[in-house]
Amino acid sequence: MSAPVLATKLFAPPPRPQLVARQRLLERLDTTLDEHHRLTLVSAPAGFGKTTVLGDWLRHLGRTQDTVRVAWVSLDDGDNDPPRFLTHVVAALQGAGLDGVDAVLDSPGAPPGVIDLTALVNRVSEASERAPETRWVLVLDDLHVIQALEVQEASAFLLEHLPARVHLVLATRSDPPLPLARLRSSGQLTELRAAELRFTRSEAREFLNSVMGLDLTSDDVEALDERTEGWAAGLQLAALSLRGVEEREEVVGFIDAFTGSSRFVIDYLADEVLARQPDEVREFLLHTAVLDRLTGSLCDGVTDRTGGAGARMLEDLERSNLFVVALDADRAWYRYHHLFADVLHARLLAEQPELVPSLHQRASGWYAERGLVLDAVRHSLAAEDFDRARQLMEEALPEVRRARQDSVLLSWAAALPEPVVRRSPALCIVAAWSKLMTGDLDAVEPWLEDAEAALAAGAEDPDLASTWADTEDLRMAPAMIPVYRASVAQARGDVAGTVRHARQAVELAGPDDHFIHGAGAGFLGLAAFAAGDVPEAITTFSMAVRHLHAAGNLVDELDSTVVLADMWLASGRPSRARSLFESALRTATGGREPYPRATADLHVGLAELDSELGDLPSAEAHLQRARVLAERASISENRYRWYTVMAQLQSRLGDGSAPLDLLDEAEALYRRGFYPELRPIHALRARLHLTHGDVGAAEAWTEEHGVTADDEPTYLREYEHLTLARLLLAQQRHGDALTLLDRLEAAAAAHRPGSAIEIRMLRALAEHGADRRGRALRDLERALTQSPEPEGYVRLFLDEGAPMLALLRAAVEDGVLQEHTARLLAAAGPAQPATHQQRGLPDPLSERELEVLRQLDTGLTGPEIARQLFVSLNTLRTHTKRIFTKLDVNNRAAAVRRARELGLLREQR
């Protein structure tokens, strides 16, 4: 007698009232319906929507495929009984139109409850032959519940012997014991796994807002999608938690806090996953929860196992789809799904908190043995084994510093308790440097004094000194202290103090301490630069670069090349600056990626030179390349320069508001203490205001920063004073401008040809504005002919706009400087076309707002658009609000529709 049939097991779950359209998955499943494919395996962890996708596909087949019939069996623990399992399979096939197969349920001569598999296959073949145009799909849902060997063997037999027109589909949380490798290699297997089942950004948006009835922004959706890694159950749990939350601040707060520690997630994963695991697997999962990456021997070290047990367990976990993600093609390294990892860690802390430090210590030891110091430090810190972490940091410092892994050093400086740091001279210096990097100059000196105190204590207490790692950083510590004092002095504009401390550092350095000699010579060169003695600065700083090369500090050498190129520009030799940039760039890119972090800064330098020559496309290409490289690199004290150069480029391209936005970004990134502030960002902003005709903003700048014509004409303030001269010209105060420029020229003429060119050019404009044409042309001639490389300057002249063009045309009329004026006028080009009229808008959109509008008409999220436009998210929101106001709309979709009605987007594409 056959087992009773439970009819509810033979139907796919009914569709939900609303369902996310996942056409990409339906199309993938459709490809399995040829006779060559024998098996479709949908294998993924709990909550990835396996059953939902298959149910949707089968309904899709019902609408599109008249010749496909479906047999569905929802398995449960009771189906580990072979008769029960086969009875439901037979009933499902019979219900799908394979008439007569139910005869095997009561085969004469067969023992009670036993079904002859061969007879079943024969019956299915006979029935399928009677309908040659029809194909059948047999779905076994939740196959992971089947543990009985007899049932597994029955499934394998059916897979091997069912006729070609019967296609088997298995939905499971773990891979079944079937010949998957053979089927895969022969092309008879189609697989849908977690990677394919994860919700895409657009699917997550539809699910959260349309299906779950929320009103989340694109940024909200992106954040939840990233936190859940597209896990359907995770998105649903988050959506259920958000229902009824109306305040915007609460929504943002929930999304920010949504992790594996959220109650719904813990309950789901604990009930659906952890509770079902054998004790050995559960223990392994909890103990390895302290790891962010998993490999066999590391897991063995942490769990105190041997003999390759860790590797075997990871393979089993992957086969079982227990939320592990392979990180490489060889499947040597894995990680847990982020939410699953959070749950495991929370459970470990709740159940075995006393074990956590030792687990981290074992991980630290494993990493340290293999020279993976950064990971070893991280786990020592997690174990709160601070002395061990300090020793590891000290050992790694020379290499980390040489490679300029600044973000690592900053994190180390903040990670250790201050008393632990104070016992280490080398780490005290790192702490001082970290304060310099964050712009907190007042906090640098106390840490340097702590370093001196630690060195003195070590000299008196050999036991204390014996705890320090014996590295070059410890040996050079006495000389490094004045190096950072020189840096602080330079940041404060104290040229004499910079020189004094830099010389002390060189005196304390040994003959082979090239890094110290390089740093000392570097600050001496920068002091000469700040004082305006460019020839001395070039000589001394070139020596610094040679020492850094000898020390093997490639990143610092390349960084210093940027400064040396600036010095050559100040000497009026842009060709030498270009040669330095190009040579350094060849060195930087001579090896494999990732390139040294300074590579981006070299591209920025070339962009600035190209922009000055008027080759704006080449400048933009260099900046785009620099942007990509900078995103991959560690932090850099030069990173702000990308924004200043891009601001100048955008201004020359005629973009109204973008340059000022970019300068806001630059100001946020700028840090004093590394190089003299010779071109203050606030003065560059004032110049842009003048370019846009906003004299009032430039006047406010002089009051805010105390810039007057009576100031002493030092090189450190020369850029500000030249900006003031432009303001005086805009105010038609030509006599005051000439007085100021005379004082500036007297200070600059001997040592700064680059400054002299600009000063004489501005004098020419002042004389021309005062209707002294002859004097104006003589000053223009001096600016051009007395320049070492007049052909290297184009935009310096043309950025002065209409007054300069009038002066150049006057030179043409008088037959003066024919070659130079012709070159500059040709570079000026024809008059620029008028901007878009934007009919129907009382307040037209700026060029920058049009650019933002075009990005709104894409699928990019807010953060992605901000990165595309090189602005912060807050700046992007400001632009978006202005666009909404001008278009009289209140959301992104409406803005795009209104823009299309006005023809703005069509004309801009």
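What percentage of the 909 residues of the protein chain count as buried? The answer is 53%, and I would ask you to keep in mind throughout that what we are looking at is a predicted model, with every value computed from that model.

Let me begin with the overall frame. The secondary structure of the protein chain comes to 49 helices and seven strands, and the C-alpha atoms fill a box of roughly 120 × 80 × 50 Å when that box is taken along the principal axes. To give a feeling for distances within that box, take E612, which is found in helix α32, residues 598–613, and L162: the two are 450 residues apart in sequence, and their C-alpha atoms are 75 Å apart in space. E612 has a relative accessible area of 14%, and because the cut-off for buried is under 20%, E612 counts as buried.

Now to the empty space inside. Rolling a probe the size of a water molecule over the atoms shows where empty space is left. Here the structure holds three cavities of 30 Å³ or more, and the largest cavity has about 610 Å³ of space in it. Its lining is made up of 31 residues, and those that lie nearest the centre are R404, Y484, F515, A519 and D556. If you want to find the walls on the screen, the elements that each give two or more residues to this lining are α19 (386–402), α20 (406–415), α22 (425–437), α26 (477–491), α28 (514–531), α29 (534–551) and α30 (554–570). Of these, α28 gives the most, with six residues. As for the chemical character of the lining, 19 of the residues are nonpolar, five are polar and seven are charged.

Next, the aromatic side chains, of which I will take a few examples. The structure holds six aromatic pairs. In one of them, the rings of Y640 and Y670 have their centres 4.9 Å apart, and their planes stand at 85°, so this pair is edge-to-face. Y640 lies in helix α34, residues 640–652, while Y670 lies in the loop between α35 (658–669) and α36 (681–691), so the pair ties together parts that are 30 residues apart in sequence. Both Y640 and Y670 are buried. Another pair is formed by W642 and Y643, again edge-to-face, with 5.0 Å from centre to centre and 70° between the planes, and here too W642 and Y643 are both buried.

Elsewhere, ring pairs link W333, W366 and Y367 into a cluster. W333 also has a charged partner, since the charged end of R293 sits over its ring, 4.8 Å from the ring centre. A second arrangement of this kind involves R687, which lies over the face of Y719 at 3.8 Å from the ring centre.

What about the cysteines? A disulfide is a covalent bond between the sulfur atoms of two cysteines, and in this model the count comes to zero disulfides. Two of the cysteines can be placed a little further: C299 is buried, with a relative accessible area of 0%, and C428 is likewise buried at 0%.

Finally, some points about the backbone. Most residues other than glycine have a negative phi, and most peptide bonds are trans. Against that background, E384 has a positive phi of about 60° although it is not a glycine, and D771 has a positive phi of about 65°, again without being a glycine. Where do these two residues sit? E384 is in the loop between α18 (373–382) and α19, and D771 is in the loop between α40 (753–769) and α41 (773–785). Exposed means a relative accessible area over 50%, so E384, at 58%, counts as exposed, and D771, at 71% relative accessibility, counts as exposed as well.

There is one further positive phi to mention, that of E229, which follows α9 and has a value near 55°. Helix α9 itself covers residues 218–228, and its buried residues include D220, V221, E222, A223, L224, D225 and T228.

To close, the picture I would leave you with is of a predicted model with 49 helices and seven strands, three cavities of 30 Å³ or more, six aromatic pairs and zero disulfides.

Note on methods. Residues are numbered from 1 along each chain as its sequence is written. Side-chain values use heavy atoms; hydrogens and water are left out. On a 1 Å grid over the protein atoms alone, a cavity is a set of points where a 1.4 Å probe fits but cannot get out, and a pocket is an open set with protein on both sides within 12 Å along at least five of seven lines; lining residues have an atom within 4 Å of a point. Grid points are joined across faces, edges and corners, and a volume is the space filled by probe spheres set on the points. Helices (H or I, at least four residues) and strands (E, at least two) are DSSP runs, numbered from the N terminus. Ala, Val, Leu, Ile, Met, Phe, Trp, Tyr, Cys and Pro count as nonpolar, Asp, Glu, Lys and Arg as charged, and the others, Gly among them, as polar. Rings of Phe, Tyr and Trp (its six-membered ring) pair if their centres lie within 6.5 Å; planes under 30 degrees apart count as stacked, over 60 as edge-to-face and the rest as tilted. Buried means under 20% relative accessible area, exposed over 50%, partly exposed in between (1.4 Å probe, protein chains only). A charge sits over a ring if NZ of Lys or CZ of Arg is within 6 Å of the ring centre and within 35 degrees of the ring normal. A disulfide is a pair of cysteine sulfur atoms within 2.5 Å.
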